[in-house]
Amino acid sequence: MSTRLFAASLAVTAVVVLAVWITDLSFQRAALLAPVLVVGIGAVAGMAVFWGRIGWDSLRRSGHPWRYVAGGLAFIALLVVLTFLGVNLPHE
């Protein structure tokens, strides 16, 4: 068995075990859904790389990139603090 084939089968096995652990599927059903799981994870990873490169390029071209980074981090920190304080935003 080649190293690449072993690594691929190990990755698929990890995906199946993770899906079983997260979703309470049976091992048999998760094994049948393994191709769908692998394609879905690949699609999500591809979109993350695509949008990450677009965001990085836009950030590099902006006039004040550290202001945008600081603003984004401040917004995320505000959301975390409000979540820990138990603040519920009103629903319309």
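## Salt bridges and surface of a four-helix model

The structure holds two salt bridges, a salt bridge being a side-chain nitrogen of Lys or Arg within 4 Å of a carboxyl oxygen of Asp or Glu. This is a predicted model, in which local features need pLDDT of at least 70 and side-chain atom pairs count only at pLDDT 80 or more, while totals for chains, interfaces and linings use all residues. Residues are numbered from 1 along each chain as its sequence is written, and side-chain values use heavy atoms, with hydrogens and water left out.

D57 pairs with R60, their closest N and O atoms lying 3.0 Å apart. D57 also pairs with R61, where the corresponding separation is 3.3 Å. Through these shared partners, D57, R60 and R61 are joined into one network. R60 and D57 are three residues apart in helix α3 (residues 34–61), and therefore about one helical turn from each other. D57 and R61, four residues apart in helix α3, are likewise separated by about one turn. An α-helix has 3.6 residues a turn, so residues three or four places apart point the same way.

The table gives the exposure of the network residues; buried means under 20% relative accessible area, exposed over 50%, and partly exposed in between (1.4 Å probe, protein chains only).

| Residue | Relative accessible area | Class |
|---|---|---|
| D57 | 26% | partly exposed |
| R60 | 56% | exposed |
| R61 | 68% | exposed |

The protein has four helices and zero strands, in the order α-α-α-α along the sequence. Helices (H or I, at least four residues) and strands (E, at least two) are DSSP runs, numbered from the N terminus. The radius of gyration, taken over C-alpha atoms, is 20 Å, well over the 12 Å that the globule rule gives for 92 residues, so the protein is more spread out than a compact globule. That rule is 2.2 Å times the number of residues to the power 0.38. Along its principal axes the C-alpha trace spans about 50 × 35 × 25 Å. Buried residues account for 8% of the 92 residues.

Helix α4 covers residues 65–85 and includes L78. L78 is partly exposed, at 46% relative accessible area. The end C-alpha atoms of α4 are 30 Å apart, in agreement with the 30 Å expected for its 21 residues at 1.5 Å a residue; the expected span is 1.5 Å times one less than the number of residues. After α4 comes G86, with a positive phi near 85 degrees.
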